[in-house]
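Please look at the sequence and the structure together before reading on. The report below goes through the sheet, the helices, the nonpolar cores and the charged pairs in turn.

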Amino acid sequence: KTEETQGTGAFDVGIVFVLDTTQSMETYIARTQKVLQSTVQRIAGTEIGKLVHFGAVGFRDNVDAVPGLKYRTKVLADIKRREDQSEVISAIGNTRVAEVNSPGFNEDSLAGVEDAIEKIDWQQVGANDPIDARYVILVTDAGPKDPRDPNARSEIGVEEVQVDAEGKNIVVMTLHLKTPTGGE
């Protein structure tokens, strides 16, 4: 196996961006993508860059209610030990916002966070060397859907998702864009 797939056994960090790709982000998506891409590039270009691994998940809302959304969540790039982060940079940069509106302003961000917790390979099964420090960074301009909302996938709320994340040694942070629409 190569070092890229095997892992080094050294203490390493995983960062997964959970990116709002709903129509309300249309005005802000290009700038948001540039900031995330720059962050990945700047970290990757440092001495410790080989110990920091990135992934990305996009989220929208309930495709059963609005089929034109095309997906509720989508793993854009799984965490991998990569020599080059261009796959993640490209995945973030090539992501487009939905062409149709979601039901309501609040989005199904908890579904995106849940998928970052559950679907991302934090254990690095093939390498037999789990990611040590684990971070999920939610980037959105809207609040999460309440679990009682018929368009929410999850039946649990923010506090329960946080407990699930902590149980897997994952820290969840939110970068909430302050936008005119979000302020309403």
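## Burial and the predicted model

A residue is called buried when its relative accessible area is under 20%, exposed when that area is over 50%, and partly exposed in between. Arg 153, at 33% relative accessibility, is therefore counted as partly exposed. The model is a predicted one, and the values in this report were computed from it.

## The sheet

An open sheet of 5 strands runs in the order S3-S2-S1-S4-S5, and its pairing is mixed. The edge strands are S3 and S5, each of which pairs on one side only. From one strand to the next, the twist averages 20 degrees.

Strand S4 pairs with strand S1 (residues 13-20) in the parallel sense, over 7 bridges. Along this pairing, Ile 15 stands opposite Tyr 135 in S4, and Leu 19 stands opposite Val 139 in S4. S4 is also joined by 7 bridges to strand S5 (residues 170-176), and these two strands run parallel; Ile 137 has Met 173 in S5 as its bridge partner. Together with helix H5, the strands S4 and S5 make a right-handed β-α-β unit. S4 is mostly covered, with 7 of its 8 residues buried.

## Two helices with buried residues

Helix H4 is largely enclosed by the rest of the structure, because 9 of its 10 residues are buried. The buried residues of H4 are Ser 109, Leu 110, Ala 111, Gly 112, Val 113, Glu 114, Asp 115, Ala 116 and Ile 117, a list that holds charged residues as well as nonpolar ones. What covers these buried residues includes the strands S1, S2, S3, S4 and S5 as well as helix H5.

In helix H3, the residues Val 88, Ile 89, Ala 91, Ile 92 and Gly 93 are buried. The buried residues of H3 pack against S1, helix H2 (29-44), strand S2 (52-59) and S3.

## The nonpolar cores

Which members of the largest nonpolar core touch the most other members? Of its 23 residues, these are Ile 15, Phe 17, Leu 36, Val 40, Phe 54, Val 88 and Ile 92. The elements that give two or more residues to this core are S1, H2, S2, S3, H3 and S4. A second, separate core has 17 residues, among them Val 16, Val 113, Ile 131 and Val 136.

Phe 54, one of the residues that touch the most other members of the largest core, has contacts with nonpolar and polar residues when those up to four places away in sequence are not counted. Its partners are Ile 15, Phe 17, Val 40, Ile 43, Asp 78, Ile 79, Lys 80, Arg 82, Gln 85 and Val 88.

## Salt bridges

Side chains of opposite charge can pair when their charged atoms come close. The structure holds 13 salt bridges, and three of the pairs are described here, with the accessibility of each partner.

The side chains of Asp 115 and Arg 153 meet in a salt bridge with an N to O distance of 2.9 Å. Asp 115 lies in helix H4 and Arg 153 in the loop between S4 and helix H5 (158-167), so the pair ties together parts that are 38 residues apart in sequence. Asp 115 is buried, with a relative accessible area of 5%, whereas Arg 153 is partly exposed at 33%. Both residues also belong to a network of salt bridges that links Glu 114, Asp 115, Lys 119 and Arg 153.

Asp 129 and Arg 81 form a salt bridge through their side chains, at 3.6 Å from N to O. This pair links distant parts of the chain, 48 residues apart: Asp 129 is in the loop between helix H4 (109-118) and strand S4 (133-140), and Arg 81 is in the loop between strand S3 (73-77) and helix H3 (86-93). Asp 129 counts as buried at 11% relative accessibility, and Arg 81 counts as buried at 6%.

Glu 87 forms a salt bridge with Lys 80, their closest N and O atoms being 3.9 Å apart. Glu 87 is partly exposed at 38% relative accessibility, and Lys 80 is partly exposed with a relative accessible area of 40%. Lys 80 is also among the residues that Phe 54 touches.

How values were computed: Residues numbered from 1 in each chain as written. Predicted model: local features only at pLDDT ≥ 70, side-chain atom pairs only at ≥ 80, totals over all residues. Heavy atoms only, no water. Salt bridge = Lys/Arg side-chain N within 4 Å of Asp/Glu carboxyl O. Buried < 20%, exposed > 50% of the residue type's maximum accessible area, 1.4 Å probe, protein only. Helix = DSSP H or I, 4+ residues; strand = E, 2+ residues; numbered from the N terminus. Pairing = 2+ DSSP bridges. Right-handed = clockwise from strand over helix to strand, strands pointing away. Contact = heavy atoms within 4.5 Å. Core = buried A, V, L, I, M, F, W, Y, C linked by side-chain atoms within 4.5 Å. Axes fitted to C-alpha atoms, helices over the stretch in contact; angles between N-to-C directions.
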